[in-house]
Amino acid sequence: MSEYIEFKLLDEKGVERNVKMNADDENEVYLWKDKWRGQPMKKPYWRRIAISDALNGYSRIDIATKHYSLHRVCYYAHNPDWNIYDTSHDNYIDHKDRNKENNHISNLRVATNSQNSENRGNAKGYSYCERDKCWRARIRKDGKEYTKWCKTEEEAIAAREKLKEKYHTY
């Protein structure tokens, strides 16, 4: 039999709602249904919440009309002291393997905006500068830009990797 983690989330009116998640299957989430149109129900029950895809590629769930990213809910279910409502640049949830569909707790970690950006797989990190007629490799770390100028594209690729090893430690 599966083990479930129970916790609370706020709906769109700020009312706490009971939620439970299967500890082994993060795609199995339930909401405690105890009212119908504001009236208490005679037989309350756990209703499975539909998981939908948001436009940004992340899965999400809806509590009434309030949207929650599934990876944030998964992390919160396993770490109730973490503030799911803090959406600042210091409170991202990063997928270690860069797979937006892998919401297993072992694949999630808290990260700053800068750390989350380090883990992007689609950043090329080098380009050709027409004005100077050379290649530029660059990365950003904590608001600073680190640049290396190169004669060939291959040198720029290698320089980008060296910069990444040196500055992207997350």
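## Arg 140 and its network

Let's start with Arg 140, which counts as exposed because its relative accessibility is 53%, and the cut-off for exposed is over 50%. Keep in mind that this is a predicted model. Arg 140 has a salt-bridge partner, Glu 145, and the closest N and O atoms of the two are 3.2 Å apart. Glu 145 is a bit more of an in-between case: its relative accessibility is 35%, so Glu 145 counts as partly exposed.

The story doesn't stop at two residues. Arg 138, Arg 140 and Glu 145 are joined into one network by salt bridges that share partners.

## Two more salt bridges to look at

How many salt bridges does the count come to? The count is seven. One of them brings together the side chains of Glu 130 and Lys 133, with 3.2 Å from N to O. Glu 130 is exposed, because its relative accessible area is 53%. Lys 133 is exposed too, because its relative accessible area is 53%.

Now try another pair, Arg 109 and Asp 94, which form a salt bridge with their closest N and O atoms 2.9 Å apart. This one links distant parts of the chain: Arg 109 sits in strand S9 (residues 108–111), Asp 94 sits in strand S8 (residues 92–95), and the two residues are 15 residues apart. Are Arg 109 and Asp 94 buried or exposed? Both Arg 109 and Asp 94 are buried.

## The three-stranded sheet

Next, find the open sheet of three strands, which has the order S10-S11-S12 and antiparallel pairing. The edges are strand S10 (126–129) and strand S12 (144–150), and each of these pairs on one side only. If you compare neighbouring strands in this sheet, they are turned by 30 degrees against each other on average, direction ignored. As a bit of background, strands of a sheet pair through backbone hydrogen bonds, and they can do this in a parallel or an antiparallel way.

Zoom in on strand S11 (residues 134–141) and S12: these two pair in the antiparallel sense over seven bridges. A handy spot to check is Ile 139, which stands opposite Tyr 146 in S12.

## The helix across the sheet

Which strands does helix H3 lie across? Helix H3 (residues 153–167) lies across S10, S11 and S12. Its direction is easy to compare with one strand, since H3 runs at about 15 degrees to S11.

Conventions. Residues numbered from 1 in each chain as written. Predicted model: local features only at pLDDT ≥ 70, side-chain atom pairs only at ≥ 80, totals over all residues. Heavy atoms only, no water. Salt bridge = Lys/Arg side-chain N within 4 Å of Asp/Glu carboxyl O. Helix = DSSP H or I, 4+ residues; strand = E, 2+ residues; numbered from the N terminus. Buried < 20%, exposed > 50% of the residue type's maximum accessible area, 1.4 Å probe, protein only. Pairing = 2+ DSSP bridges. Axes fitted to C-alpha atoms, helices over the stretch in contact; angles between N-to-C directions. Contact = heavy atoms within 4.5 Å.
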